[in-house]
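The following exercises concern a predicted model. Each task is followed by a solution in steps.

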Amino acid sequence: MAQFMKVASLSELAPGACKTVHVNGKAIALFNVGGTVFALDNLCLHMGGPLGDGLLEGDVVTCPWHMWEYNVRTGEQVMNPALKVATYPVQVEGGDIKVAVSSVVRGP
C-alpha cells in the first residue's frame, strides 16, 4: 500500500496555480485544477524544464523553457500522448496535500 507524505498545504496552492515540492530528494510539480490537486514529475521530457514553474491553463501545463504542453491529469504530452511524464497519487486531508511518491504511474 502506498504511503502518502505531506508535501504542502492547500492554502499554498490556489486554483490555477503550480508549485514545485521535494519528496525523498525528488522534485514533484503540483497543480490545482479547480480545487483538485494533481502531481507530476517536475522534469519536462524535452530538455528537463521545470513543469512546476510552468503556466497552467485548465488542465494543461506549458513548460516555461520550450513550451511543451502536458495534461496534468494524465501526464501525457498534448501533441504526442505516447510521451508521458510520471504522475503520482494525491490525497488532500484537512488542508494538507499528500503525495505517494513510491506509487509512480509511468508512461508506456
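**Exercise 1. Determine how exposed the partners of the salt bridge between D59 and R73 are, and where they lie.**

Solution. Step 1: D59 has a relative accessibility of 23% and therefore counts as partly exposed. Step 2: R73 is likewise assigned to the partly exposed class, with a relative accessible area of 44%. Step 3: the two side chains meet with an N to O distance of 3.0 Å. Step 4: D59 belongs to the loop between β5 (55-57) and β6, and R73 to the loop between β7 and β8; the pair links distant parts of the chain, 14 residues apart.

**Exercise 2. Describe the surroundings of D41 in strand β4, and state which residue forms a salt bridge with D41.**

Solution. Step 1: D41 has a relative accessible area of 10%; a residue is buried under 20%, so D41 is buried. Step 2: the salt-bridge partner of D41 is K26, and their closest N and O atoms are 2.5 Å apart. Step 3: because D41 lies in strand β4 and K26 in strand β3, the pair ties together parts that are 15 residues apart in sequence. Step 4: K26, at 31% relative accessibility, counts as partly exposed. Step 5: the side chain of D41 also reaches the backbone nitrogen of L43, at 3.0 Å. Step 6: when neighbours within four places in sequence are left aside, the contacts of D41 include A27, A29, L51, A86 and Y88.

**Exercise 3. Count the salt bridges and give a further example.**

Solution. Step 1: the count is five salt bridges. Step 2: one further pair is K98 and E93, with the closest N and O atoms 2.8 Å apart. Step 3: E93 has a relative accessibility of 39% and counts as partly exposed. As general background, side chains of opposite charge can pair when their charged atoms come close.

**Exercise 4. Establish the strand order of the open four-stranded sheet, and identify its edges.**

Solution. Step 1: the order is β2-β3-β4-β8, with antiparallel pairing. Step 2: β2 (18-23) and β8 (87-88) are the edge strands, since each pairs on one side only. Step 3: β4 (residues 36-41) and β8 run antiparallel and are joined by two bridges. Step 4: within this arrangement, L40 stands opposite T87 in β8.

**Exercise 5. Decide whether C44 and C63 are free or joined in a disulfide.**

Solution. Step 1: the sulfur of C63 is the nearest cysteine sulfur to that of C44, at 3.9 Å. Step 2: a disulfide requires sulfur atoms within 2.5 Å, so C44 is in no disulfide. Step 3: C63 is in no disulfide either, and the structure holds zero disulfides. Step 4: both cysteines count as buried, C44 at 5% relative accessibility and C63 at 2%.

**Exercise 6. Identify the residues with the most contacts inside the largest nonpolar core, and the elements that contribute to this core.**

Solution. Step 1: the largest nonpolar core has 14 residues, and those with the most contacts inside it are V7, V21, I28, L30, Y88, I97 and V99. Step 2: two or more residues are given to this core by each of β1 (5-9), β2, β3, β4 and β10 (96-99). Step 3: another core, of 13 residues, lies apart from it and has A29, L40, C44 and L51 among its members.

Note on methods
Residues numbered from 1 in each chain as written. Predicted model: local features only at pLDDT ≥ 70, side-chain atom pairs only at ≥ 80, totals over all residues. Heavy atoms only, no water. Buried < 20%, exposed > 50% of the residue type's maximum accessible area, 1.4 Å probe, protein only. Core = buried A, V, L, I, M, F, W, Y, C linked by side-chain atoms within 4.5 Å. Polar contact = N/O pair within 3.5 Å; in protein donor to acceptor, adjacent residues only side chain to side chain. Contact = heavy atoms within 4.5 Å. Salt bridge = Lys/Arg side-chain N within 4 Å of Asp/Glu carboxyl O.
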